[in-house]
Amino acid sequence: MKSIISKIFSPVMLLALLTGCSDFLDKEPLSQGTEAIFFTTPDHFKQAANGLYNLEGWKDYNDKPTYYKMDQNLDISGLGNNGGGSAVESNFQWDKPYSYIRNCNILLTKANEYAGNKSEISAAIGTAYFFRAWQHFYLLQKFGGIPVADHVMDVNDPVLYGARNSRYEVADFIISDLKSAIPLLPKEKDIAAADKGKVSNEAAKSFLARVLLYEATWEKYVTGIGYDLDGDGSSIGAGNARPASYPSIQQMLTEAKTLAGEVITEAETGTFELWNKCDSLSYYYLLNIDDKGGNMPNFKGAGKATNKEFIFSKKYDYDLLKGGINLSHTVFTWQAAGISAVFGESFLCRNGLPVRVSYTGNITDAQNNPQFLGFERFYDEFRNRDYRFIGSTFMPDRPYWSSRTEDGGALKEQGKPYPDPAYPEVPYNPNDPAFGNKHTIYVPTLRGNSTHNGYGSRKFAIEGANRATNTESADYPLIRLAEVHLIYAEAAVELGEGTISDNDLNFSINKNRARAGVAPLTNALIANVWDAGWWDHAQGKTVCKKMNMLDEIRRERACELYGEGFREDDLKRWGIAHINLKGQKLGRHVYGTEYMTAKANDAVYHGQPAYYPEEYPLAHGVYEGSGVNDPDYGRSIATLSGNLLYSQRDYLSPVPLNQMRLNPALKQNPGW
């Protein structure tokens with residue numbers, strides 16, 4: 001903690017990182033001077049509050065690209081290895097939030113001393129409460145219990161040499177701060193155009209709903225993982241002390257549902273809405289709207305001004321604050337978000353049911369969903385599916401626009417969601433101009449020591465022109481209306497102990513499903529239906545599992561929010577991270593597909609088998625299980641179980657060792 005103070009007990013840089021539209025971004029900074037002269041007018045408080053927008057977006061608090069936060073190396077993106085590490089010497093994820101919290105505390109202290117009309121600075125006060133809660137929650141999710149910083153500290157403050165607060169004390173503090181912030185913050189509809197991007201009343205409600213759902217489900221499920229993550233607080237961990245007024249699981253779920261419901265109700269007045277400007281590709285284009293500077297954001301030309309789905313976001317601007325990372329290259333080379341084979345197969349058909357179903361619960365009589373065309377042909381599995389899948393993955397039967405100059409095709413005209421494809425000549429012509437065309441469609445082949453683990457994902461890709469490396473400037477979503485729908489539905493089904501009404505479903509996640517082209521989820525739809533393509537992570541195989549509402553709402557959460565940094569925290573709070581992130585994983589189907597019969601038609605491998613194990617074996621081979629009747633027969637082996645070491649201790653990160661040396665009262669998290 002001493003090292004934290006050495007960094008933050010210096011002249012305060014209040015406006016290091018601003019957010020909002022251009023007027024907001026252009027506010028004059030108050031980064032020079034001292035605390036004593038900052039806060040003498042309401043405008044000083046307003047500008048100081050602007051300086052609290054320290055948020056991770058395309059870069060993290062360490063000023064590094066946040067590709068790793070796109071749910072990489074998880075069950076939905078495709079596992080390679082995990083776990084087994086040791087406690088680290090230092091960690092910016094501990095240090096940085098405390099420096100930002102200090103600035104919040106300075107503003108709140110000065111507000112208490114302010115002799116003027118408090119109503120003139122109420123929004124600034126609310127903003128400080130919001131961000132103090134935001135940073136504490138960032139720390140809570142990472143480390144569990146941490147020292148609560150509720151005041152401005154100097155180098156002699158007892159907190160710097162004290163023990164960690166328990167996670168329950170930290171959560172109680174976060175909840176209290178957000179309840180203080182909500183009535184002080186303006187409603188979104190009352191925020192002036194020049195100030196759009198600032199935190200609103202609805203953003204604070206949405207965030208509090210997120211916190212309450214997180215803590216309620218953590219307490220409900222993590223107690224059952226057979227591992228004490230709290231410790232006793234004196235020799236290990238942060239302890240389990242609870243404030244006398246700490247809410248019950250039911251109280252937290254009830255309030256989460258209520259708050260989410262209030263935001264949804266406000267959205268229905270027109271304040272917020274799901275972005276649906278690009279037909280079946282709306283979900284895909286929502287996450288890469290990047291206008292200005294000659295860049296066409298999508299084939300409809302719909303720019304940032306049309307986006308009312310982002311309740312709170314990290315704002316970027318091509319002229320004033322670029323993203324600063326090589327986003328397009330990373331996406332188009334499959335290094336950003338991912339869609340693993342197991343996750344890809346979990347996306348529903350448009351009739352709202354899984355790709356494989358059973359009406360008896362017996363996998364031997366399972367059948368394809370009538371809308372699912374199977375895996376046999378290369379393109380069939382993409383037909384009649386959730387638009388979140390088919391719009392965001394790389395389907396092999398079409399080319400894609402790309403802002404990268406080396407891809408030879410940026411989106412420059414409205415009305416064309418995809419470039420015109422080209423096809424190689426038949427019979428083979430070595431001089432075929434298609435071989436030099438960036439938009440040529442080839443027979444898929446398995447080469448390059450592949451694991452055939454996933455589908456890739458183009459989520460976040462920038463398609464338009466005039467976006468050189470590191471200049472992509474789409475806004476980064478922090479709270480979306482779609483997430484609020486999911487919070488409401490999950491809180492409702494948890495309160496109902498696995499049941500939820502059709503009215504609640506229609507009020508919430510069925511709106512997300514409508515944009516995705518998926519039939520509404522109803523109690524009748526899934527009654528007496530088994531998902532015969534359910535991947536059981538505990539057993540490491542496909543099973544036949546009876547459909548239920550809790551599973552379906554969790555499925556919706558994965559499909560809607562993948563790549564946005566929620567997945568690991570969701571798996572942890574559901575108490576299944578150490579199950580889903582362990583064990584052998586299988587990839588996509590090989591046997592019984594065109595890979596076994598098709599011939600390559602590109603210039604390099606022309607005439608060779610699409611799958612040619614004698615020359616290009618899969619990295620881990622093909623799974624054959626119990627034989628041809630095994631539902632997983634003929635799938636690639638994506639990941640070996642020996643490389644996956646994620647365990648219960650990994651639900652919390654280790655306290656940095658340098659902090660423990662500076663303050664011996666800080667005790668390490670269990671298992672580290």
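# Strands, cores and buried polar residues

Biologist: In this predicted model, is strand S2 buried or exposed?
Modeller: Strand S2 covers residues 310-314. The cut-off for burial is under 20% relative accessible area. Of the 5 residues in S2, 5 meet it, so the rest of the structure largely encloses the strand. S2 is buried.

Biologist: Which residue of S5 stands opposite Lys314?
Modeller: Strand S5 spans residues 476-480. S2 and S5 pair in the antiparallel sense, over 4 bridges. Opposite Lys314 stands Tyr476.

Biologist: Which strands stand at the edges of the sheet S8-S10-S9?
Modeller: This is an open sheet of 3 strands, and the pairing is antiparallel. Two of its strands have a single partner each, so one side of each is left without a neighbour in the sheet. They are S8 (585-589) and S9 (622-623).

Biologist: And which residue stands opposite Val622?
Modeller: S9 pairs with strand S10, residues 635-639. The sense is antiparallel, over 2 bridges. In S10, the residue opposite Val622 is Ser636.

Biologist: Turn to the sheet of 4 strands. Which are its edge strands?
Modeller: The sheet is open, in the order S4-S3-S6-S7, with antiparallel pairing. An edge strand here pairs on one side only. That describes S4 (367-368) and S7 (541-546).

Biologist: What is the bridge partner of Val357 in S6?
Modeller: Strand S3 holds residues 356-358, and strand S6 holds residues 530-536. The two run antiparallel and are joined by 2 bridges. The partner of Val357 is Asp531.

Biologist: Which helix gives the most residues to the largest nonpolar core?
Modeller: That core has 144 residues. Phe130, Trp134 and Phe312 touch the most other members. The top contributor gives 12 residues and spans 122-143: helix H6.

Biologist: Which residues does Phe130 touch, beyond four places in sequence?
Modeller: Nonpolar side chains tend to be buried together in soluble globular proteins. Phe130 belongs to the largest nonpolar core. Its partners are Leu178, Ala181, Leu185, Val199, Ala203, Ala204, Phe207 and Phe312.

Biologist: How many residues make up the second core?
Modeller: This core is separate. Among its members are Val357, Val493, Ile526 and Leu561. Val357 also has a bridge partner in S6. The second core has 18 residues.

Biologist: Is Glu560 buried or exposed?
Modeller: Glu560 sits in helix H18, residues 549-561. Its relative accessible area is 0%. Burial needs under 20%, so Glu560 is buried.

Biologist: Which side chains make polar contacts with the Glu560 side chain?
Modeller: The contact list of Glu560, without neighbours within four places in sequence, includes Tyr283, Lys459, Arg480, Ala482, Leu486 and Asn512. Two arginines are also on that list. One polar contact, at 2.9 Å, is with Arg388. The other, at 3.2 Å, is with Arg515.

Biologist: What does the side chain of Asn91 reach at 2.8 Å?
Modeller: Asn91 lies in the loop between S1 and helix H5 (92-113). At 12% relative accessibility, it counts as buried. Beyond four places in sequence, Asn91 is in contact with Lys142, Phe143 and Pro656. At 2.8 Å, its side chain reaches the backbone nitrogen of Gln93.

Biologist: What is the phi of Asn73?
Modeller: Asn73 is in the loop between helix H4 (42-50) and strand S1 (82-83). With a relative accessible area of 30%, Asn73 is partly exposed. It is not a glycine, yet its phi is positive, at about 60°.

Biologist: What is the relative accessible area of Lys292?
Modeller: Lys292 lies in the loop between helix H10 (282-286) and S2. This residue is other than glycine, and its phi is positive, near 75°. Lys292 is partly exposed, at 35%.

Biologist: Which residues does a cis peptide bond join?
Modeller: The bond has an omega of about 5°. Its proline lies in the loop between helix H13 (387-390) and S5. The pair is Val426 and Pro427.

Biologist: Which residues does UniProt assign to the RagB/SusD domain?
Modeller: The entry is unreviewed. Over the stretch in question the chain is 21% helix and 11% strand. The end C-alpha atoms are 33 Å apart. The record places the domain at residues 334-672.

Technical notes. Residues numbered from 1 in each chain as written. Predicted model: local features only at pLDDT ≥ 70, side-chain atom pairs only at ≥ 80, totals over all residues. Heavy atoms only, no water. Pairing = 2+ DSSP bridges. UniProt positions renumbered as here; feature names shortened; annotations may be inferred. Buried < 20%, exposed > 50% of the residue type's maximum accessible area, 1.4 Å probe, protein only. Polar contact = N/O pair within 3.5 Å; in protein donor to acceptor, adjacent residues only side chain to side chain. Contact = heavy atoms within 4.5 Å. Core = buried A, V, L, I, M, F, W, Y, C linked by side-chain atoms within 4.5 Å.
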